[in-house]
Amino acid sequence: MTGIHPVAEQDAEGNEKTVWQVRFILATSPTPKIELYTRLWQDVFQSGDDLTSYLHKKPGKSDPEPGKPVFNDLTDDFDKSDGGQVKGIGQLRLKFDKYIEELAKRSEFADLGGNAGERQQELAQDWIASALWQIDRNLNKFYVGNDSDYFIHKDLQGFLTREKSRFIKQVIFSDLDALLHAGEDNATPVIARAFNQVADTLIGFLAAIENFQKGLFELKKKVVDTHYLISVGKIPSRLHERIFANSAQREEWRDTFKVDLGSATELVEHPNLVVDTHFYRESDPAFQDDLLSLSEFDDLDEQTDGLLIASENWQALNLLQEKFREQIKCVYIDPPYNTGGDGFLYKDSFRHSSWASMMHDRLALAHTALRQDGVIFSSIDHRERNSLQHLLDERFDNANQVEELIWAQNTNDNRAPAYSTNHEYVLAYARNKAAATAGTRMFRETRPGYAEITELLEEMQGDYPAPATVESAIKGLMEQHKEEYKKELESVGLTYSKETQKQDPWRGIYNYRRVEYRTPEGRYVSPEKAEAQKAVLWAWREADASAPPKDDARKITDPGDPNYRFYRPAHPLTGKPCNYPNGGWRLRFAPDPDDPRKDSFQARHEDHRIVWGENDKKVPQLKRFLHEVGSNGSEDDGGLSVPKSVFHDYTDGAKQIESLFGEKGVFRFPKPTTLMGRFFEQTTDAGDWVADFFVGSGTSVHALLRLNKEHGDQQKRHFMAVEMGDYIDKVVKARTKRVMFSLNWKAGEPVNENGLRHLVKIQSFEQYEDLLDNLALDDSGQPRTHWDESALPQQIPVNYLFRPEHNSLSSSLDVSRPFSQTLRIGKAREEKPIDLMETWCYLQGYWVKSRRVYRPDTHPDLDRQYLAVETTHGTLVVFRDIDPAEDDTTNLHAILAHYADAQGVSRIQRLELNFDADLRRLELDTYLIQASDFLRGAQWS
C-alpha cells in the first residue's frame, strides 16, 4: 500500500461525497492487514480507537502479546496453483461467524456476556467489528480479482480479431458523415490501416502464447502413481507372510482398525483387513507386481471395484475419455455451489460466467462418458440452479431431463431474514431419456427388506416348516434389523425415536409377518399338502378392503345392483353377517358373469385371499402379498417401488464422518451417504460403473461400498471418483479403507468387521501446473534455456515462438527406458516415476485382462524385466528396457508362449512394444510405441 487519499465526487443527484482511494503497487510482499486497517481507521474515520482487540486473536500460551492476527494475510505462495486452484483464495477467507467467535475469546469483551454465545450475539451487533470484517471482505475480493487468472481462452485470436473489427467500425469509422464528405487528405483510412496492422501483430503474439497454453492444458497428462487397496480375503494365503512382514501396514491395522496381529497365520481370521500396496514401495518393491501377476487377479479391470484419482477433474476426465467412453451408467456430482465459502471465488462481475465455464467443460466430458441409457444427478442450491439447468439443457437437451428432485433436510436457520431454507435441488438428466426409461428397473428402487425376507423364505423352503415357524424367523429377522438400525443411528449421533423411525428403510415392510403356502401359480395349499404339491412360501399382511371406485353412487348403494358395495358377507365360522367398511367395499360381491376374470369378494374368498376375524365383529381384510405389491398399491415383479421427486433425508453427513474418524471438522458440509445411495440403487445394476468427479469427502464412494455390501459380492457396482489436493489421500482414501473393513464405526473405532472384500485402484495424474514447471526447469532444477536474443532468428513467425518448448515435450520422454522416466510433481516438486503402462492403456482406451511382470529371478530364460499387459480384445502391450537396434525377439517369443493354449494357439492378435524391435522376426501384427504417441489431446498451431 502506498497511500490513502480522499477524492471529492458527485453522486447521480449532484450531491457532494468523498470517496477514499487506497493505492497499491506490485511488491514482493503485501502490507500486513493489521497495519493497513489501522491506517484506514485513523485516516478515514479520523479516530484514534485502539483496534488491538478487533485485529488480534486471544494469545495462546506460546504467543506474544497481543496475539496472532485474526485476519488472514497473503502468504508468499498466494499466486501459485495447487490442483487447479489458486492458493490465495483459501488463505484469505474469514467467515463473519468465525471472526466473531475469535473476538469473543478475548478478555476485553468479557463484560458482554456470561458465556461465549452471549458475547458473540453482542459482538455481531458491534459496528466496529462489522465495519472491519466488511473492509476485509472487500479487500480479499480486490486481491483475488486482480491477482488471479483461472481460464485459458479457447480462441483468443478469433475473439481479439472480432473485437478489433468492431473497434475499427464503431470507433475509427464512427463518423459516417465525415467519411462520405471527406477530402483527399482524410487521415481516417490511414489510421485504420495502421491500427489494423499493429493490432494484428499484437493479436498474433498474444494468440501464440494463449494457443500454446491451451495446447499444454488440453494435452492428456500422464499417470505418476498407481497403487491398490486390497482386502486380505482376496489375496492367496501364500503371500500372507510377505504382507505381515511390513511394519507400517501392521501399524495401520493396529491404530486404525484396532486389529493387533501376532503372526501371519491370523490374517485368515480378518478377511476384510485392507492391504495398502503403497506401504510396500521401499520394504518390498516387487510386492505389487508379484501380487497382480497372480492368476487370481486375472480379469484385473473386471475385478477392480473402484478407481480413486488424485487430479483436477477436467484433466482426469480428459485422460480417462477413451477408456470410459459410453461406459458410465450413473454420474453423481456435488459441484461447488459458488457461495463464496466453497473455494470458488471470482470477480463479482464474472462469478456466474466463470462457474458456468468451469461446469460446461466438465459436463461435456461427462456426457461422452455416459452410456446411452446413463443418467447424471447433480446437487445444487438456489444460487446456481438456473445456470446449471441451462448448461444441462445445452449439453443433454431439455427433452432428456428426467426430473428436478427436491431434497428436504432437517435444518433450521434461526438467523434467516425470512424463511429458513431446508431444501436443495438435484437435477437429473439422461443421455437418452427413451433408452434410460426403457429399462424395467430404471428409476425404481427395491423396497428395503424385501430381498432379506425373500432370501429367508427361500432358505426355509426346502424343509417345508410350519407357517408359525417361518413367521417366528421373520420376526427375528426384523428385530435384528431394528437393532442394526439403532446402531447405525447411534454411529451418526441420532437416537431411535418417532422421528427417526419414519426414516427406517424397513418401515414399509414390518407388517409382512404372516406366511402361507401356495403353488407357483398362486393357488392356496394347506401346510400338510405343501411338500406333495411343491408349494412355496408367500409372505403377506392384512390390507384395508375399503375405498370403492368412483362409480355412480346409485349403483354402489343400490342392493339390487351387481355393483353394490355395502353388502354384509357371512362369517365362515359363525354364519353371521360381518360389517362393511365405512366407505363400502373395494370389490363387488359376486363375479361378473360377462367377465369372470374381474375381481370380486367371492373369488378372493375362494382363493383364501380374505382375512376373517375370529368372529363376525371384525371387518374382513384383504391379503396383500409381499412380492405382488409395489408403491401406491400397484403390482410389480420384484419388490420395486417408484421413487418420489420430493424426498426427506435427515441423515447428518458430518456425523457419519465424525463416527469414522473420531473427530469433527474432517470435511466441511459433507452430503450423507443415503442421498447418493438412493440414486445408485435406482439407476444401476451389478457390474455398472458410477462416477463422481467432485468427490469431496468420498461420500459417493462410501455409499457405493455400502450398496455393494447390501447386494452381496456377486452384485457389485464399480466406482470412479476424482478429487484434487490433499483430500484424496487424507480423507477419501482413508474413508475408503475404513468402509472396506467395516460399515459400522463409533468415535473412530470399528464396531465390527462387516465390510465386503474389495479391490480399489488409486492413481495420481500429472497436472497442468506440473507440466509448466517441468518445461520451465531442466533436470537439475535450473531455468531451462530456449530462445534468447542471440539465438532467436530474425523475423521468426510468432507461431514458432514456442517451438523449443513443444519439442522438449517429446524429447524429455525416453521410451527406451520405460521404468525410469520421472516428473517433478506438486508444490514440493517431488520427483516421481511416470507409470507409462497405465498412461498408455488410458490413451488407447484399453480394458485390462491380465498384468504380468516377467523378471530373470522368476523366469531364468529372460535377461531383463518385462511388463506385459493383456487387453480384453487380444492385444498384448510389452514394455522393457531396450537399446536402438537391439534384438530381443527370443525373449518376446518366450513371453508370448504364456498366452497360448495347450495346442500352441495364441489368444494374442496384436503386439505393441516400446521403442524398437526386429519386426522381421515377429509374426504378429506389431506396433512400436514412440514418445510422440504420448502427445495426445492437444492441437498445436
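**Is Cys330 buried or exposed?** At 0% relative accessibility, Cys330 counts as buried, because the cut-off for that label is a value under 20%. Please keep in mind as you look around that this is a predicted model.

**View 1. Welcome to the whole protein chain, with its 31 helices and 31 strands.** The chain has 941 residues, and 47% of them count as buried. Its accessible surface comes to about 47400 Å². Carbon and sulfur atoms hold 48% of that surface. Among contacts with a separation of 6 or more, 68% join residues that lie 24 or more positions apart.

**View 2. Here we zoom in on helix 30, which covers residues 836-844.** Eight of its nine residues are buried, so helix 30 is largely enclosed by the rest of the structure. Those buried residues begin with Leu836, Met837, Glu838 and Thr839. Trp840, Cys841, Tyr842 and Leu843 complete the buried set.

**View 3. Just past helix 30 we meet Gly845.** This glycine takes a positive phi of about 75 degrees.

**View 4. Two cysteines, Cys330 and Cys841, are the subject of this last stop.** Cys841 has a relative accessibility of 4% and therefore counts as buried. Cys841 is also one of the buried residues of helix 30. For Cys330, the value is 0%. And how many disulfides does the count come to? The count is zero, with a pair of cysteine sulfur atoms needing to be within 2.5 Å to qualify.

Methods:
Residues numbered from 1 in each chain as written. Predicted model: local features only at pLDDT ≥ 70, side-chain atom pairs only at ≥ 80, totals over all residues. Heavy atoms only, no water. Helix = DSSP H or I, 4+ residues; strand = E, 2+ residues; numbered from the N terminus. Buried < 20%, exposed > 50% of the residue type's maximum accessible area, 1.4 Å probe, protein only. Contact = heavy atoms within 4.5 Å. Areas by Shrake-Rupley, 256 points an atom, 1.4 Å probe, with all protein chains shown as cover.
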